[in-house]
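Please open the model in your viewer and keep the sequence panel beside it. The tour below moves from one selection to the next.

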Amino acid sequence: MFFAFAAIPLPQNNCFYFSERIQVIDLEGFKMTTIQDITHFLEQLAPLTYQESYDNAGLIVGDAQQTVTNILISLDVTEAVVEEAVAKNCNLIVAHHPIVFKGLKKLNGRNYVERTVIKAIKNDVTIYAIHTNLDNVTGGVNDKIAERLGLQRVKILAPKSDILLKLVSFAPVADAPKVLEALHDAGAGQIGNYDRCSFSVEGDGTFRPNDKANPYIGSANAIETVREQRFEVIFPAYLQTKVLNALKNAHPYEEVAYYVSALQNQYQEVGAGAIGDLETPLLAAEFLAMLKQAMNLNVIKHTALVKERVQKVAVCGGAGGFLLADAIRSGADVFVTADYKYHEYFDADGRIIICDIGHYESEVFTKELLQQYISRKFVNFAPILSETNTNPVSYYI
Ligand SMILES: [Zn+2]
């Protein structure tokens, strides 16, 4: 893909003039980048289907067909963030937390949610949220925390089940490789750090075409036996349409035989929290000092330092208390998260050190993560990190 700077002709009063504003165009497709181009990309990183049931991630306000002027990246959206977007000529705000969670029945500016939405609409600013779907994927919010802490061998703490499907199909031996290739190109057969995974075995397929059939092999009303390859691949459910279309497009048969079945396997790529190891164990007090510095913290609320040394560390950005049992079961010495309530700290029960670092503080580096992803893919933008501090919590020290 090749980009260049150019003056864009804009229609005005039935004639054309050249805009003063220099914009960036994609010469390959001669097409401006739209909000939708950005949101499609973000949804490849963190499919919306991976958001929790209570969540409201996705395009919240605005028109996805608009051309992007620039992008402001923030943790929350407030009126001040919308004002910052306008001041910095950004018509897209990519935020971690959705400004609208529940339905809005009235829009008259009585609370900060309504006022923020009204201000965004009035100023043609689009708001997109990438929330628990980004919490739940490899390379998401928790991997960013793990990276800040220097954790190694990081994996998802509580992988989800009931996400994977298995496809079994059959093709003449000579045609099978190209069909498998199409399935792999569509994203099937990816397991952890391995892709293009499949299993195949040869056997005999039989069929009898009727008068209306247009068979690739064989003829009407005659039983045919064909040496075929049976192959199987797994893929996440959200890719089902894409994978089945790839199968049918690449397969030579008029009628393609296949089975899709649901798997109960955990999917290591999707789930809550993350766990990894420090390269070298630290004394518990040293770990707290490192955590404070790495996450730029004012304060850490923690339970008793029941582990002399810390090596295995579980993390979860935001309110992660629901993962305590997983952290203990995984052998973590420490669980770094936020939003703990008084009685919940007792659940550490001498088995782990809980560190509550604050919700905002645990997730604020998500902004950098999104900036890195977007700027690597869309080289024509330099997404801006919001400078508005949206943390509603202040510390008096
Ligand atoms: Zn959060």
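Begin with Val168, which stands opposite Glu232 in strand 10. This is a predicted model, in which local features need pLDDT of at least 70, side-chain atom pairs count only at pLDDT 80 or more, and totals for chains, interfaces and linings use all residues. Residues are numbered from 1 along each chain as its sequence is written.

Next, select residues 164–172 and 224–236, that is strand 8 and strand 10, which pair in the antiparallel sense over nine bridges; strands are DSSP runs of E with at least two residues, helices are runs of H or I with at least four, and both are numbered from the N terminus, while two strands count as paired if DSSP finds at least two bridges between them. Widen the selection to the open sheet of four strands, ordered 9-10-8-11 with antiparallel pairing. Its edges are strand 9 (199–207) and strand 11 (258–262), each of which pairs on one side only.

Then add residues 240–250: this is helix 7, which lies across strand 8, strand 10 and strand 11, where contact is taken as C-beta atoms, placed from the backbone, within 7 Å.

Finally, move to strand 16 (residues 353–356), where Ile353 and Cys355 on one side and Ile354 and Asp356 on the other are all buried, meaning that 20 or more other C-beta atoms lie within 10 Å of their own, with C-beta atoms placed from the backbone. Strand 15 (residues 334–338) pairs with strand 16 in the parallel sense over four bridges, and Val334 stands opposite Ile353. Strand 13 (residues 301–302) pairs with strand 16 in the antiparallel sense over two bridges, with His302 opposite Cys355.

Notes: Two residues are in contact if their C-beta atoms, placed from the backbone, lie within 7 Å. Axes are lines fitted to C-alpha atoms, for helices over the stretch in contact, and angles run from 0 to 180 degrees between N-to-C directions. A residue is buried if 20 or more other C-beta atoms lie within 10 Å of its own, exposed if 12 or fewer, and partly exposed in between; C-beta atoms are placed from the backbone.
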